[in-house]
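Grab a pencil and work through these exercises with the structure open beside you. Try each task before you read its solution.

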Amino acid sequence: MKIEYQHTFGLPRKIVWKYIKDEKVLGNAIPSCRSFVQSSSGLYHAEMEVTIGPLKDVFALEVKLVKEKMPSYYHLILKGKGNLGEISGKADLFLNDQQGNTKLNIQAEANVTGVLSGAAERVLNGGANKGIKKFFISLESEIKKNLYLLRKGRK
């Protein structure tokens, strides 16, 4: 399944670049995320609950930053496994300056196997961008919260 999405952050690219790899910010921004830990440079392990209609599962995920070109490009690989199936995917993230803001373009491919595959395909075809949009709005909010706490000297 192919996914394309665009989001504009109301923040400069330098700041988005810094926080888009921050494990705490990402863990707080991912819906239903139980844990999100950076185990080494560019390698993250996560555990998250997945609910698609009546199906619920907990997935163990590995997200690997394979390539980056500072401050404008990431290539990520995702692998995950739960009781109801497996997910694998890759994504290219492009960040561009846009009048003091940051425009993010994503081009991704995802493969889901097992019991979740049929339901996941319907959801991805019918509304993947809603979940992605929710994530990036949450991510921007987390970045702004971190910046606020830095300014207040609480971090």
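**Exercise 1: A salt bridge along a helix**

Is Lys 145 buried, partly exposed or exposed? Once you've decided, work out which residue is its salt-bridge partner and where the pair sits.

*Solution.* Keep in mind that you're looking at a predicted model.

- Step 1. Check the accessibility of Lys 145: at 42%, Lys 145 is partly exposed, because that label covers values between 20% and 50%.
- Step 2. Look for the partner. Lys 145 makes a salt bridge with Glu 142, and their closest N and O atoms are 3.6 Å apart.
- Step 3. Place the two residues. Both belong to helix α3, three residues apart, which is about one turn of the helix.
- Step 4. Now check Glu 142: its relative accessibility is 10%, so Glu 142 counts as buried.

**Exercise 2: A salt bridge between strands**

Find the distance, N to O, in the salt bridge of Glu 49 and Arg 34, then say which strands the two residues come from.

*Solution.*

- Step 1. The side chains of Glu 49 and Arg 34 meet at 3.1 Å, N to O.
- Step 2. Glu 49 sits in strand β3 and Arg 34 in strand β2; they're 15 residues apart, so the pair links distant parts of the chain.
- Step 3. Compare each value with the cut-offs. Glu 49 has 37% relative accessibility and is partly exposed; Arg 34, with 49%, is partly exposed too.
- Step 4. Look for further links: Glu 47 joins Arg 34 and Glu 49 in a network of salt bridges.

**Exercise 3: One more pair**

How many salt bridges does the structure hold? Take the one between Glu 86 and Lys 81 and classify both residues by accessibility.

*Solution.*

- Step 1. The count is seven salt bridges.
- Step 2. In the chosen pair, the closest N and O atoms of Glu 86 and Lys 81 are 3.8 Å apart.
- Step 3. Glu 86 comes out at 39%, which makes it partly exposed. Lys 81 has 53% and is exposed, because exposed means over 50%.

**Exercise 4: The largest nonpolar core**

Which residues touch the most other members of the largest nonpolar core? Then list some contacts of Leu 139.

*Solution.*

- Step 1. The core has 36 residues, and Phe 136 and Leu 139 touch the most other members.
- Step 2. Several elements give two or more residues to this core, including β1 (2-9), α2 (23-29), β4 (55-69) and α3 (116-151).
- Step 3. The biggest giver is α3, with seven residues.
- Step 4. Skip the neighbours of Leu 139 within four places in sequence. Its contacts then include Phe 9, Ile 20 and Val 25.

**Exercise 5: Backbone oddities in loops**

Where do you find Ser 32, Gln 99 and Pro 71, and what is special about the backbone there?

*Solution.*

- Step 1. Ser 32 is in the loop between α2 and β2 (33-40). Its phi is positive, about 60°, although Ser 32 is not a glycine. With 44% relative accessible area, Ser 32 is partly exposed.
- Step 2. Gln 99 lies in the loop between β6 and β7. Here phi is near 50°, again a positive value in a residue other than glycine. At 81%, Gln 99 counts as exposed.
- Step 3. Pro 71 is found in the loop between β4 and β5 (73-82). The peptide bond that leads from Met 70 to Pro 71 is cis, with omega near -10°.

Key:
Residues are numbered from 1 along each chain as its sequence is written. This is a predicted model: local features need pLDDT of at least 70, side-chain atom pairs count only at pLDDT 80 or more; totals for chains, interfaces and linings use all residues. Side-chain values use heavy atoms; hydrogens and water are left out. A nonpolar core is a set of buried Ala, Val, Leu, Ile, Met, Phe, Trp, Tyr and Cys residues joined through side-chain atoms within 4.5 Å. Buried means under 20% relative accessible area, exposed over 50%, partly exposed in between (1.4 Å probe, protein chains only). Helices (H or I, at least four residues) and strands (E, at least two) are DSSP runs, numbered from the N terminus. Contact means heavy atoms within 4.5 Å. A salt bridge is a side-chain nitrogen of Lys or Arg within 4 Å of a carboxyl oxygen of Asp or Glu.
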